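Reader: I should be grateful for a close look at the main nonpolar core of this model and at the strands around it. Please describe the residues concerned in a connected account.

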Amino acid sequence: MQYSFVTSNLVLQWAFVLFGCILSMGLFAQQSDFYSMRNRFTFGTDQKRTASISTGDLDGDGDQDVVIANGRHWPDQNEIFLNNGRGVFTVSYALGFFKSTTYAAEVADLDGDGDLDIAVGNDNAPNRLFFNQGDGQFVESGTFGMLYAPTRNVTLGDIDNDGDVDILITNRGSQNEICLNNGLGRFEKTIYFGTTDDATIDVELFDFDKDGDRDLIVANRDGQQNMLYLNHQMDFSEGFPFGTGTDETRAVAVGDFDGDGFYDLATANIGEPNQIYFGNAAFSFQESIMLDTVSDYTYSITSGDYNKDGKLDIAVGNSRGANVVYKNLGGRKGFIINPLGEQSSNTYDIEFVDINGDNYLDIIEANSDAVNRYYLNILPRRKDR
């Protein structure tokens, strides 16, 4: 296990990293001290170009099932894996008839009937809706957004505050879209935001200013500025930048990482260290720390309290090198680095989720040209000893 205590002083930072390497001699293991990975902990054996992974109780039996989004630029079949209640996935089936160039397949109750539906975002192909029949069987139910756009992600949430779930589409190299729900799962009204050359990869919906509606936190590539846009009754003209302004940011996570009552932003960057930008009353994000000193190729980032110590931890999915869990020591005090094994995967998505029902957060990951894996949190097992 490698320790890295992050500070804003670069000299001290390197000294702490060196000190951590000395402490960790002989303690580095193939897997994290907190997560177990076995050969059977995979979603099938296929090695596809998987772009994202999402969860929800699709068949109504009380556990978390999994949706795998495959294809990216090349048509492939999206898949559903059913949980047997113990975090084992021995049943799977195809989602829909068409193979698609899918970047995202996200889960929410889109038609308001009480079960979970799926919105699928495709690259230069129609984005498709799949409505749940109540038992995990899905019927294709139309499209949403522009028919042929370079979609890279879809984010689901009530953006206009009318009680139903809307869809936000990020299009790399084209305008981003907000598709408003009419309450019945139809998305005929679209609002555009950004410019025609935006390189937006990820948008998080979060009530950042705590005024009761959801704001937009936008992660951009191609050296474009990352932005927080506050929602003022669907007016997103008030924006606050974060990052250097020239970052290659592929994903962002929101949380109060230092426990000061203000929300912070953690960025997954390509070719530069991942960062946390600390929030304040002015939304200036001037204070920041590096999660580590490596010039990562990080494609995904997520947050959650995996060890139940009251502090938000972070997991990142990397393209070059092992994925990593960062144990939070108190935000500005730094993080402990825990690699998830030594293998290098092209991980496009990583998520914290309790898949075996023990009330501890496990980890699932979506890998391109490799099997999609999950890791079980072993802290409850240790406490039972």
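Author: The following account takes the core, then a sheet, then a buried polar residue. The model is a predicted one.

The largest nonpolar core comprises 16 residues. Ala266, Ile276, Leu291, Ile301, Ile314, Tyr326 and Phe335 have the most contacts inside it. Two or more residues of this core come from each of β19 (249-255), β20 (264-269), β24 (313-318), β25 (324-328) and β26 (335-339). Such grouping may be set against a general tendency: in soluble globular proteins, nonpolar side chains tend to be buried together.

Ala266 merits separate attention. Beyond its neighbours within four places in sequence, Ala266 is in contact with Ala251, Val252, Ala253 and Phe257, and also with Gln275, Ile276, Ile301 and Ile314. Another core, of 14 residues, lies apart from the largest one, and Val154, Val165, Ile167 and Ile169 are among its members.

Strands β19 and β20 also belong to an open sheet of 4 strands, ordered β19-β20-β21-β22 and paired antiparallel. Its edges are β19 and β22 (288-290), each of which pairs on one side only. On average, neighbouring strands of this sheet are turned by 20° against each other, direction ignored. Between β21 (residues 275-277) and β22, which run antiparallel, there are 3 bridges. Here Tyr277 stands opposite Ser288 of β22.

Finally, Asn176 lies in strand β13 (residues 176-180). Asn176 counts as buried because its relative accessible area is 0%, under the 20% limit. Its side chain reaches the backbone nitrogen of Asn171 at 2.9 Å. Not counting residues up to four places away in sequence, Asn176 touches Ile169, Thr170, Asn171, Ile191, Tyr192, Phe193, Asp198 and Thr200. One of these, Ile169, is also a member of the 14-residue core.

Technical notes
Residues are numbered from 1 along each chain as its sequence is written. This is a predicted model: local features need pLDDT of at least 70, side-chain atom pairs count only at pLDDT 80 or more; totals for chains, interfaces and linings use all residues. Side-chain values use heavy atoms; hydrogens and water are left out. A nonpolar core is a set of buried Ala, Val, Leu, Ile, Met, Phe, Trp, Tyr and Cys residues joined through side-chain atoms within 4.5 Å. Buried means under 20% relative accessible area, exposed over 50%, partly exposed in between (1.4 Å probe, protein chains only). Contact means heavy atoms within 4.5 Å. A polar contact is a pair of N or O atoms within 3.5 Å; within protein, one must be able to donate a hydrogen and the other to accept it, and residues adjacent in sequence count only if both atoms are side-chain atoms. Two strands pair if DSSP finds at least two bridges between them. Axes are lines fitted to C-alpha atoms, for helices over the stretch in contact, and angles run from 0 to 180 degrees between N-to-C directions.
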